[in-house]
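Please open the structure in a viewer and keep the sequence visible beside it. The tour below proceeds by selections, each followed by a description of what is found there.

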Amino acid sequence: MESLKKRKRRLGLPHLFYLLTLIAAIILVSNRGGAFSYTLFYTVLSYPVLAFFYLLFLRAGLRIHQEISTHELKKKAAASYQLTLENAGVLPAAGIRLYTYEGRSSFGEDMTGQELTLFPHEVKEFTTTLRCLYSGSYPAGISLITFRDPFHLIRLSLKIPSPLSVQVLPGVRSDLNDTVARIVLQMIQGAAGSRQTERDMTLGNDLRSYMPGDPLKQIHWKNYARSGELFVRLPEEKELQIISVLLFSKKGYDSPEDLSRRDRFLELAVSVAAFFAEKKRPVQFFYYNAGVKKILVEDYESMQHFSREISKELILRDNTIAAEAGITKEAGRYPWPTLTLKEDETAVE
């Protein structure tokens, strides 16, 4: 906090200097008059207007270009990044500062903390690395450029007209295994005809523990001879062959808090997909992106496809309630057990 106060005090010095200069010019022209006094007075008085048009001219002549080695990234993985700045005007440009999208990404060598100067037709290049901190699709890199006059009285901003868009793939979180198993188990136990226990989730999709009343012909005798425990083979039940997972996302995400919430939601969804892929059990995901979408995950290859698709732009463009109703209606056409994951209710850290 102390450094912030010092910075504000430092930024106020140019304004104080200009005010004192203006007062001195007024006193000088009042007491002495003459061509020099009036020239000084009108120069100081018109400086803010001249500075404003000077900054407009600089902003019109600045060219910026960002490049990244790949637009499909893994979270927190470094990608090669290059920034090119060019002053295409005929006046020197000083007081240039660069700003990033707050909290979304970080540079290996940060160039945003320095004030830049560009002479006429000068080109500056910065080569470093870029790391994106959250899963999903969003703009990263440099978002804004500001210009200041030599006395720091006026500041103009320029939003980057063509932002650098990245797609950050959500990863499978091994620390979510217990959470995913618990969520899936609760869902499957609630499905009609299901009698699986938590231990059975590790046996695969064709075995479960023996329960009194099970037919003897369904007992897995080879496993009994090996382990001394009774398990039965599961019959192929149509209603349990495929599971529906409904993904309800929130509308938009701009702040770091929103991105963090979306990141947890996407990683939970991909971890659920990986859980079923490992069990070789097909699962159909339903989500909304300008219409109801569905993706069937049967193995690791289709899980990777699912990871790419939901990280592209999982944003509700329509009314949230209507979107959720559309997802529910589409999933209701299939007689499968259903698991619902809501982004605003995802409590996984």
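In which helix do Tyr38 and Tyr42 lie, and how many residues apart are they? Both lie in helix α2, four residues apart, which is about one turn of the helix. Helices (H or I, at least four residues) and strands (E, at least two) are DSSP runs, numbered from the N terminus.

Before the next selection, two remarks on the source are needed. This is a predicted model, in which local features need pLDDT of at least 70 and side-chain atom pairs count only at pLDDT 80 or more, while totals for chains, interfaces and linings use all residues. Residues are numbered from 1 along each chain as its sequence is written, and side-chain values use heavy atoms, with hydrogens and water left out.

**The whole chain**

Display the entire protein chain. Its secondary structure comes to eight helices and 17 strands. Of the 349 residues, 44% are buried. Buried means under 20% relative accessible area, exposed means over 50%, and partly exposed lies in between (1.4 Å probe, protein chains only). The chain exposes about 19,200 Å², and carbon and sulfur atoms supply 55% of this area; accessible areas come from the Shrake-Rupley method with a 1.4 Å probe, and for residues only the protein chains shown count as cover. Among the contacts with a separation of 6 or more, 70% are between residues 24 or more positions apart, where contact means heavy atoms within 4.5 Å.

**The open sheet and helix α2**

Next, select β1, β3, β7 and β5. These four strands form an open sheet in the order β1-β3-β7-β5, and the pairing is antiparallel. Two strands pair if DSSP finds at least two bridges between them. β1 (62–68) and β5 (105–107) stand at the edges with a single partner strand each, so one side of each has no neighbour in the sheet. From one strand to the next, the twist averages 30 degrees; axes are lines fitted to C-alpha atoms, for helices over the stretch in contact, and angles run from 0 to 180 degrees between N-to-C directions.

Narrow the selection to β5 and β7 (residues 123–132), which pair in the antiparallel sense over three bridges. The bridge partner of Ser105 in β7 is Cys132. Now add helix α2 (residues 34–61), which packs on the sheet and touches β1 and β3 (79–87). The direction of helix α2 makes about 40 degrees with that of β1.

**Aromatic rings**

The structure holds eight aromatic pairs. Rings of Phe, Tyr and Trp (its six-membered ring) pair if their centres lie within 6.5 Å; planes under 30 degrees apart count as stacked, over 60 as edge-to-face and the rest as tilted. Return to Tyr38 and Tyr42: their ring centres are 6.4 Å apart and their planes are at 25 degrees, so the pair is stacked. Add Phe41, which forms one aromatic cluster with Tyr38 and Tyr42. Tyr38 has 43% relative accessibility and counts as partly exposed.

Then select Tyr334 and Trp336. With ring centres 4.7 Å apart and planes at 20 degrees, this pair is also stacked. Are Tyr334 and Trp336 buried or exposed? Both are buried.

**The hairpin**

Select strand β15 (residues 283–288) and strand β16 (residues 292–297), which pair in the antiparallel sense over six bridges. Val283 has Val297 as its bridge partner in β16. The two strands form a hairpin with three residues between them, and Ala290 in the turn has a positive phi of about 55 degrees.

**Salt bridges**

The structure holds eleven salt bridges, each being a side-chain nitrogen of Lys or Arg within 4 Å of a carboxyl oxygen of Asp or Glu. Select Glu343 and Arg262, whose side chains meet in a salt bridge (2.9 Å, N to O). Glu343 lies in the segment after β17 (338–342) and Arg262 in helix α6 (residues 256–279), so the pair ties together parts that are 81 residues apart in sequence. Both Glu343 and Arg262 are buried.

Move to Glu330, which forms a salt bridge with Lys294, the closest N and O atoms being 3.6 Å apart. Glu330 lies in helix α8 (residues 320–331) and Lys294 in strand β16, so this pair ties together parts that are 36 residues apart in sequence. Glu330 is buried at 18% relative accessibility, whereas Lys294 is partly exposed at 41%.
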